[in-house]
Amino acid sequence: LITAPGRGAVAVFFFFCPEAVAAVREVFDGLPAQPESHRTYFGKFSHGDEGLALYFAEGRGYTGEESLELSIHGTPRSIELMAQHLTAAGIRPAEPGEFTRRAFMHGRLDLTQAEAVRDTYEAQTLSQFRAASRVRQGELHERLKLVGDALMKALATIEASVDFSDEVGPLDRPASVEMLQEPIAHLDSLLATARFGRIQREGVLIALIGPPNAGKSSLLNRVLGQDRALVSNIPGTTRDTIEELVDLDGLPARLVDTAGLRESDDEIERLGIGRSQQAMAHADLIWFVVDGQIGPTPEDQEVLATLTSPCIVVWNKIDLAPAERGVGVSARTGEGLVELVRLTKQTLMGEWSGDETTINARHKPLLERARAGIMGTVGALQSDAPDDLAVVGLQDALVAIQEITGERFIEGLLD
């Protein structure tokens with residue numbers, strides 16, 4: 001079942017098997033003798049419903065095998081009966097990710113595109129969806145293909161001079177070094193996206209830190225658009241961290257509201273303050289919220305001096321008093337939030353537009369390995385090392401690229 005569970009207007013089953021058309025004829029009466037690929041047929045199903053069958057010929061569908069999509073009414077009872085009739089026809093439920101795995105095995109996707117199918121499914125913000133779509137549609141595949149083709153050409157040039165030196169003459173080392181500059185530039189460009197790729201996929205952790213009654217919980221509620229945290233004029237209301245996922249103009253972020261920083265004799269509040277300190281230590285960015293009517297106190301300045309994460313000092317309550325410096329917001333009215341989000345994105349992402357294809361955590365060490373291999377070859381070519389030693393680094397670099405795309409793969413990785 002490839003549509004969401006529950007009640008809906010339409011439910012869609014996708015399936016494939018070696019004899020898909022023969023199998024579907026046992027549960028559907030609308031297919032002609034020779035169905036046409038990408039043509040939809042109307043008919044009745046064996047469980048009493050009626051609907052559509054969309055046929056994909058071998059090599060034309062998602063997995064590369066003969067397959068069909070069956071659309072029925074989305075009532076839970078019809079879905080249940082349809083599943084029973086498909087099982088009776090000898091068709092088993094697919095395992096998680098099985099369609100994409102088979103699409104990879106049949107060459108319909110490379111491994112980067114298969115990973116992007118997962119990223120598309122898990123996307124929670126528009127920027128995450130767009131980033132996953134770029135990779136799924138082959139942008140990273142094409143860039144890696146450029147690198148792989150350049151390495152293959154350089155490898156062939158060097159090996160030809162080693163194996164057939166009488167026919168092709170001595171190796172032009174400066175020309176070979178020049179030939180490798182383009183793949184090095186491609187790898188550097190991709191490696192530069194690693195941090196942005198992590199942020200896009202995993203989001204950033206932003207800790208709301210500051211003294212009691214500065215308005216941290218009110219600011220959290222304003223950003224979320226709902227009353228998630230308890231708000232009170234009584235200092236020390238927040239005793240534990242509260243974490244929520246939010247889309248900050250395309251930047252996926254986890255906002256952590258923390259207990260106010262102060263000396264306390266209350267055991268529970270002290271535990272909450274301890275968690276605030278942990279949040280500060282692990283945050284990608286800190287919003288240090290101060291009461292705009294008071295500004296940072298000497299105690300606040302001491303805390304600010306110890307921070308190791310990037311920090312934005314947020315002057316709250318500007319509806320009551322204007323901010324003297326830094327970013328001013330009003331958790332009550334929402335004033336200043338646009339500027340706070342803009343500065344947050346600039347602090348974490350710099351001038352990165354978000355429109356560039358990014359790599360993930362699996363790609364990074366393999367790209368670094370590929371670059372190291374190329375640089376090893378460059379070093380060999382620029383020294384007195386024999387030509388055949390220059391081949392070793394390129395071979396390793398090419399293997400690393402092929403492991404990223406899946407031309408070489410470990411079965412456990414696919415699992």
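## Worked exercises: cores, a helix and a sheet

**Exercise 1.** Which residues does Ile374 touch, not counting residues up to four places away in sequence?

*Solution.* Keep in mind that you're working on a predicted model. Leaving out residues up to four places away in sequence, Ile374 has contacts with Leu151, Leu180, Pro183, Ile184, Leu187, Gly393, Leu394 and Ala397. Now zoom out to the core. The largest nonpolar core has 34 residues, and Ile374 is among the members that touch the most others, along with Leu151, Leu180, Leu367, Leu394 and Ile401. Next, look at who supplies it: helix 6 (139-163), helix 9 (181-191), helix 15 (363-381) and helix 16 (387-405) each bring at least two residues. Helix 16 contributes the most, at 8 residues. There's another core apart from this one, with 30 residues, including Leu219, Trp287, Val289 and Val341. For background, nonpolar side chains in soluble globular proteins tend to be buried together.

**Exercise 2.** Find which residues of helix 10 (residues 194-202) are buried, and what covers them.

*Solution.* Start with the buried set: Ala194, Phe196, Gly197, Ile199 and Gln200. Then check the cover, which includes helix 5 (126-136), helix 9, helix 14 (337-349) and helix 15, plus strand 5 (204-209) and strand 7 (251-257). Finally, step just past the end of helix 10, where Gly203 has a positive phi of about 80 degrees.

**Exercise 3.** Work out the strand order of the open sheet of 4 strands, and say why one side of strand 1 and of strand 2 is left without a neighbour in the sheet.

*Solution.* The order reads 1-4-3-2, with antiparallel pairing. Strand 1 (8-16) and strand 2 (40-44) are at the edges and have a single partner strand each, so one side of each lacks a neighbour in the sheet. On average, neighbouring strands are turned by 25 degrees against each other, ignoring direction. Take one pair in detail: strand 2 and strand 3 (residues 50-56) pair antiparallel over 5 bridges. Thr40 has Leu54 in strand 3 as its bridge partner. Then add helix 2 (residues 76-88), which lies across strand 1 and strand 4 (67-74) and runs at about 150 degrees to strand 4.

**Exercise 4.** Is Ala160 buried or partly exposed?

*Solution.* Ala160 sits in helix 6. Its relative accessible area is 22%, and buried means under 20%, so Ala160 counts as partly exposed. Not counting residues up to four places away in sequence, Ala160 touches Ser165 and Val168. As for Gly97, its C-alpha is 43 Å from that of Ala160, with their positions 63 residues apart in sequence numbering.

Conventions
Residues are numbered from 1 along each chain as its sequence is written. This is a predicted model: local features need pLDDT of at least 70, side-chain atom pairs count only at pLDDT 80 or more; totals for chains, interfaces and linings use all residues. Side-chain values use heavy atoms; hydrogens and water are left out. A nonpolar core is a set of buried Ala, Val, Leu, Ile, Met, Phe, Trp, Tyr and Cys residues joined through side-chain atoms within 4.5 Å. Buried means under 20% relative accessible area, exposed over 50%, partly exposed in between (1.4 Å probe, protein chains only). Contact means heavy atoms within 4.5 Å. Two strands pair if DSSP finds at least two bridges between them. Axes are lines fitted to C-alpha atoms, for helices over the stretch in contact, and angles run from 0 to 180 degrees between N-to-C directions.
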